[in-house]
Amino acid sequence: MKWNIGDIRVTKIQEVVFPKFSDVIPAATPEVVKQIKWLFPHFVSEDGHLSLSIHSLIVETPHDKLVVDTCIGNSRSREGFDGFHMLATNYMQDMLAEGYKPDDIDYVLCTHLHVDHVGWNTHLVDGNYIPTFPNASYLMGKQDLEFWGNIDEDTDIDFMKLQRTVFEECLKPILDAGLARPVEAPASVCDGVSLIPTPGHTPGHCSVLLESKGETGLITGDFIHHPIQFHDAALVSPFDVDNEQAIETRRKIFGKYADTPTLIIGTHFAGPTAGTLISENGTYRLQV
Ligand SMILES: [Zn+2]
């Protein structure tokens, strides 16, 4: 799946799709989902569960190649996290088939440092995790790096324990190789690509703004997990560090981009993944 924003081309590399992943927004029960007709058939299952996609977005400008978020990764022990454990997908073959070699990638953009966004940052070679994209600068929010790099050793929260492992496997080798570039959004990345602050899901969360020849695209990251949150920005995820700030970010971004030609490309949106935002009866919907 591909989109063009002026001279910028965006290609989706699918890792996995979860047709029913309602845990991401517990209040979005099938009863709630069934009231919102435009979510069918792309974004929810027939019986009203939220579908969730894990994919990377490759951004190619006339000068640079970037990978936005690197999914979960293969052969990662993620016990207790259904669907994430010991994956064996064709992610890398699919990237190569699209004509992108890891050595050619100039930038890896991590919208934030969760398990499903940094997996392919590294890969295992002879028992060591090494950078998958050895010639890239890896950009990530400075505040996220501080937050996720300093998780309490004695934490008894399963997700935080997991994130400690993720940091060791997927971030520390990048820092050790000198490839990490902590940034404070708003920040320019390269011609046509910049990071804007969208905090709440995580403290240093960024979204990616694409601008070329008068056209604009926005890669969301996880300030929004599912299109149902366009309908109701107050539907929150237990994976948000700060729910209230996440709601405020959604309202602000929706207000800014609704009823404009900006292509909104969702980091976890299933099916068509991208569309424009339309305001309607005091709420919003994604027009695909
Ligand atoms: Zn995510």
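**Exercises on a predicted model**

Seven strands of the protein chain form an open sheet of mixed pairing, with the order 1-2-3-4-5-8-9. The coordinates come from a predicted model.

**Exercise 1.** Determine which strands are the edge strands of this sheet.

*Solution.* An edge strand here pairs on one side only. Strand 1 (2-5) and strand 9 (180-183) meet this condition. Between neighbouring strands of the sheet, the average turn is 25 degrees, direction ignored.

**Exercise 2.** Establish in which sense strand 5 and strand 8 pair, and over how many bridges.

*Solution.* Strand 5 comprises residues 107-110, and strand 8 comprises residues 137-141. The two strands pair in the parallel sense, over four bridges. One residue pair illustrates this: Cys110 has Met140 in strand 8 as its bridge partner.

**Exercise 3.** Decide whether Thr198 is buried or exposed, and describe its surroundings.

*Solution.* First, locate the residue: Thr198 lies in the loop between strand 11 (193-197) and strand 12 (206-212). Next, apply the criterion: a residue is buried if 20 or more other C-beta atoms lie within 10 Å of its own. Thr198 has 28 such atoms within 10 Å, and is therefore buried. Finally, consider its contacts: beyond neighbours within four places in sequence, they include His205, Gly221, Phe223 and Ile253. Ile253 is 55 residues away along the chain, yet the C-alpha atoms of Thr198 and Ile253 are separated by 8.3 Å.

**Exercise 4.** State how many helices and strands the protein chain contains, and assess its compactness.

*Solution.* The chain has six helices and 16 strands. Its radius of gyration is 18 Å, close to the 19 Å that the globule rule gives for 288 residues, so the chain is as compact as a globular protein of that length. Buried residues account for 45% of the 288 residues.

Terms used. Residues numbered from 1 in each chain as written. Predicted model: local features only at pLDDT ≥ 70, side-chain atom pairs only at ≥ 80, totals over all residues. Rg over C-alpha atoms; globule rule 2.2 N^0.38 Å. Buried ≥ 20, exposed ≤ 12 C-beta atoms within 10 Å, placed from the backbone. Contact = placed C-beta atoms within 7 Å. Pairing = 2+ DSSP bridges. Axes fitted to C-alpha atoms, helices over the stretch in contact; angles between N-to-C directions.
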